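Got your viewer open? Load the model, set it to cartoon, and let's take a walk through it together.

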Amino acid sequence: MANILPASSGTAPLADRGALRGAVVLAVVTLAGFGFLYSLAGVGIGQMLFPQAADGSLAERGGQVVGSALVAQPFAGERYFQPRPSAAGYDTMALAGSNQARTNPDLRKRLEEARAAVALREGVAPSDVPGDLYTQSGSGIDPHVSPQGAAIQVARVARARGLGRDAVERLVAAHTEGRQFGVFGAPRVNVLALNLALDALAPGR
């Protein structure tokens with residue numbers, strides 16, 4: 001039987017312009033759809049349903065932005081409630097915890113020193129200091145303290161501002177948030193919102 005051989009034994013490159021066109025179209029659709037339109041839709045829905053949160057939950061005083069209800073910041077002076085300590089120095093560009101193990105002696109030493117400092121500031125025994133006032137959150141910018149963490153600071157703030165303790169306690173109660181949807185998390189107090197309410201209650205005091 002005779003073998004039928006091709007006229008040329010050389011191999012010709014595969015030419016398929018349709019495959020290239022399909023790849024280009026897919027890339028364009030992916031970039032435009034998921035890189036632009038999806039993001040645009042997400043921003044639009046967020047602005048419609050949660051406008052304040054979508055804009056960063058910014059807090060203003062006197063027409064100027066003074067912070068965000070989602071980000072902790074330090075406060076100077078005895079007149080203000082203090083947030084949780086931050087391993088990142090409250091720097092939003094360096095969010096992190098300390099990454100120290102619970103068995104690390106440096107961590108234990110730092111916690112004891114921090115608890116003693118809070119106890120001295122608030123005039124209480126170290127054993128009475130709530131854990132959230134001397135431990136650092138994982139993010140480093142937790143804007144909340146526990147109701148216990150706020151309550152232990154009431155006497156200092158009231159004394160520094162010349163206010164009655166009951167007035168400050170009412171403000172703390174008014175700014176205590178419940179569990180998310182009544183189920184998740186724990187009751188908490190937003191420190192920035194509470195301090196702004198204090199300034200509004202007694203400006204200059």
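Here is a step-by-step tour, with something to select at each stop.

**Stop 1: the whole chain.** Keep in mind that you're looking at a predicted model. Color by secondary structure, and you'll find seven helices and five strands. Trace the sequence from its start and the pattern reads α-α-β-β-α-β-α-α-α-β-β-α. Now switch on the surface: the chain exposes about 13,400 Å², with carbon and sulfur atoms supplying 62% of that. Of the 205 residues, 27% count as buried.

**Stop 2: a nonpolar patch.** Select Leu-20, Val-24 and Val-28, which make a nonpolar surface patch of about 290 Å². Click on Val-24 and you're in helix 1, residues 17–49. Is Val-24 buried or partly exposed? Val-24 counts as partly exposed because its relative accessibility is 45%, and the range for that label runs between 20% and 50%.

**Stop 3: a hidden space.** Hide the surface again and select Val-71, Ala-72, Gln-73, Phe-75, Pro-83, Pro-143, Val-191 and Leu-192. These residues line the largest cavity, which holds about 30 Å³ of space. A search of the whole structure turns up one cavity of 30 Å³ or more.

**Stop 4: a bridge between distant parts.** Side chains of opposite charge can pair when their charged atoms come close. The count here comes to eight salt bridges. Show Arg-84 and Asp-142 as sticks: they form a salt bridge, with the closest N and O atoms 3.6 Å apart. This pair links distant parts of the chain, 58 residues apart. Arg-84 sits in the loop between strand 2 (64–68) and helix 3 (105–122), while Asp-142 sits in the loop between helix 3 and strand 3 (144–145). Arg-84 counts as buried, at 15% relative accessibility, whereas Asp-142 is partly exposed at 22%.

**Stop 5: a small network.** Next, select Arg-121, Glu-122 and Arg-156, which are linked in a network of salt bridges. Zoom in on Arg-121 and Glu-122, whose side chains meet at 2.7 Å, N to O. Glu-122 is buried at 8% relative accessibility, while Arg-121 is partly exposed at 28%.

**Stop 6: one turn of a helix.** Finish with Asp-166 and Arg-170, which meet in a salt bridge of 3.6 Å, N to O. How many residues apart are Asp-166 and Arg-170 in helix 6? They are four residues apart in helix 6 (residues 165–174), so about one helical turn separates them. Asp-166 is partly exposed, with a relative accessible area of 44%, and Arg-170 counts as exposed at 53%.

Methods: Residues are numbered from 1 along each chain as its sequence is written. This is a predicted model: local features need pLDDT of at least 70, side-chain atom pairs count only at pLDDT 80 or more; totals for chains, interfaces and linings use all residues. Side-chain values use heavy atoms; hydrogens and water are left out. Helices (H or I, at least four residues) and strands (E, at least two) are DSSP runs, numbered from the N terminus. Buried means under 20% relative accessible area, exposed over 50%, partly exposed in between (1.4 Å probe, protein chains only). Accessible areas come from the Shrake-Rupley method with a 1.4 Å probe; for residues, only the protein chains shown count as cover. Patches are made of residues with over 30% relative accessible area and no salt bridge: like charges are joined within 9 Å, nonpolar side chains (Val, Leu, Ile, Met, Phe, Trp, Tyr) within 5 Å. A salt bridge is a side-chain nitrogen of Lys or Arg within 4 Å of a carboxyl oxygen of Asp or Glu. On a 1 Å grid over the protein atoms alone, a cavity is a set of points where a 1.4 Å probe fits but cannot get out, and a pocket is an open set with protein on both sides within 12 Å along at least five of seven lines; lining residues have an atom within 4 Å of a point. Grid points are joined across faces, edges and corners, and a volume is the space filled by probe spheres set on the points.
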